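Dear colleague,

I am passing on the structure below for your own work, and the notes that follow it set out what was found. Please read them with the coordinates open beside you.

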Amino acid sequence: NNESSIYRSSPVQAGSLTTWASASASQGNTSIAIKSDGTMWSWGSGGSGASGQGTTASSSSPTQIGALTTWSNVSTGYDFSAAVKTDGTLWAWGVNDKGQLGIGTTVSKSSPTQVGTLTTWSSVSCGTFLSLAVKTDGTLWAWGRNLEGQLGQNNTIYRSSPVQVGALTTWYKVAAGGNFSLALKTDGTLWAWGENTYGQLGLNIAYYQRKSSPVQIGALTNWAKISAKPYNSAAIKTDGTLWTWGRNGYGELGDQTTFNRSSPVQVGALTTWNNVSCAWQSTAATKTDGTLWTWGENGSGQLGLGNTTNYSSPKQVGALTTWGLVAGGQQFMLFLKY
């Protein structure tokens, strides 16, 4: 952050470096980012070892995690994180009371600990108490809390080590939410399972009707990007349209209402959306023109609009056209410029 504990309602730069490549904002109060040189950095809360620094101390500015230059992608959950290295190994750290680190125990770790010994991991996504990952062979794996069937095993048994979801080899992208999961296949179909209290599965079924194995959302084959947080989901299609569903108490679905939605609803009519990230009760997205837009809950100024007003439809953050990736946390957001 900007080395202070003052709330900010407009974007402020974290340091002066221009080498940040990707970032992830936790459902707790920790941020993790990877630079273009492959180093990994964290700041914010260190509770339960969430910062990966080998301690539980907090930091108000980016601090490097170890000295390695081989980190590829990272995801943060609720006070825990997981990351994949360029050699295909998978590492996790932080709180582990539900087995969400995948290391075969429920012992928390304050520094990156390898998950098994495989070198075939491609990407990982951390939810509230669960993790999802895809291997290079297109298989899908899950571990952690399974109270609502979010591990996709057709049961509610917790797992402290990765277990395969079905036998398919066509999984492409994953997004772990609260007690639910989203995934894309290579054929462009979208799938969901787990808790459905607010309709976050997008299956147009009764609220509270959970699913403990993957179920396809509709029949479309043009889904491209997905995001999930505790109770809401968002996705972008190949045509550049943006769709949201789930809880909407603060307008986080961006459809100009505060009604929950049990199936995807389009956000406006534009076909220029590029990236989207669900936060705790708000959402951020960028367009292909490099502009940044946010909406939903704004009590801590997390929408970056210079105020603390909630919005139920997208509002542009400033006038810049250089925004790239976005990452939504609990009551804060991270934005990367090109």
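T291 sits in the loop that connects β22 (282-287) with β23 (292-296), where strands are DSSP runs of E of at least two residues, numbered from the N terminus. With a relative accessible area of 5%, T291 is buried, a word used here for values under 20%, while exposed means over 50% and partly exposed lies in between (1.4 Å probe, protein chains only). Its side chain is joined to that of D289 by a polar contact of 2.6 Å, that is, a pair of N or O atoms within 3.5 Å of which, within protein, one must be able to donate a hydrogen and the other to accept it, residues adjacent in sequence counting only if both atoms are side-chain atoms. Not counting residues up to four places away in sequence, T291 touches A285, T286, Q316, L320, T321 and W323, contact meaning heavy atoms within 4.5 Å. The C-alpha atoms of T291 and W323 are 5.9 Å apart, although 32 residues separate the two along the chain.

Please keep in mind that this is a predicted model, in which local features need pLDDT of at least 70 and side-chain atom pairs count only at pLDDT 80 or more, whereas totals for chains, interfaces and linings use all residues. Residues are numbered from 1 along each chain as its sequence is written, and side-chain values use heavy atoms, with hydrogens and water left out.

Two other buried loop residues deserve a look. Q200, in the loop between β15 (190-194) and β16 (211-216), has a relative accessibility of 0% and counts as buried; its side chain reaches the backbone nitrogen of T197 at 3.3 Å, and its contacts beyond four places in sequence include F180, Y231 and W245. S51, in the loop between β3 (40-44) and β4 (59-64), is buried at 3% relative accessibility and, leaving aside neighbours within four places, is in contact with residues that include T30, I32 and W93.

Two exposed residues have unusual backbone angles to check. N154, in the loop between β11 (140-144) and β12 (159-164), has a positive phi of about 65° although it is not a glycine, and its relative accessible area is 58%. Y208, in the loop between β15 and β16, likewise is not a glycine but has a positive phi of about 75°, with a relative accessible area of 66%.

As for the interior, the largest nonpolar core (buried Ala, Val, Leu, Ile, Met, Phe, Trp, Tyr and Cys residues joined through side-chain atoms within 4.5 Å) has 15 residues, and L182, L190, I217, W223, I226 and W245 are those with the most contacts inside it. The strands β14 (180-185), β15, β17 (223-228) and β19 (242-246) each give two or more residues to this core. Apart from it lies another core, of 14 residues, among them A92, V95, C126 and A133.

Finally, the second largest pocket holds about 940 Å³ of space. A pocket here is an open set of points on a 1 Å grid over the protein atoms alone where a 1.4 Å probe fits, with protein on both sides within 12 Å along at least five of seven lines, and lining residues have an atom within 4 Å of a point. Of its 36 lining residues, A23, V74, V124, V174 and I226 are the closest to its centre, and the lining divides into 19 nonpolar, 14 polar and 3 charged residues.

With best regards

Notes: Helix = DSSP H or I, 4+ residues; strand = E, 2+ residues; numbered from the N terminus. Points joined across faces, edges and corners; volume = space filled by probe spheres on them. Nonpolar A, V, L, I, M, F, W, Y, C, P; charged D, E, K, R; others polar.
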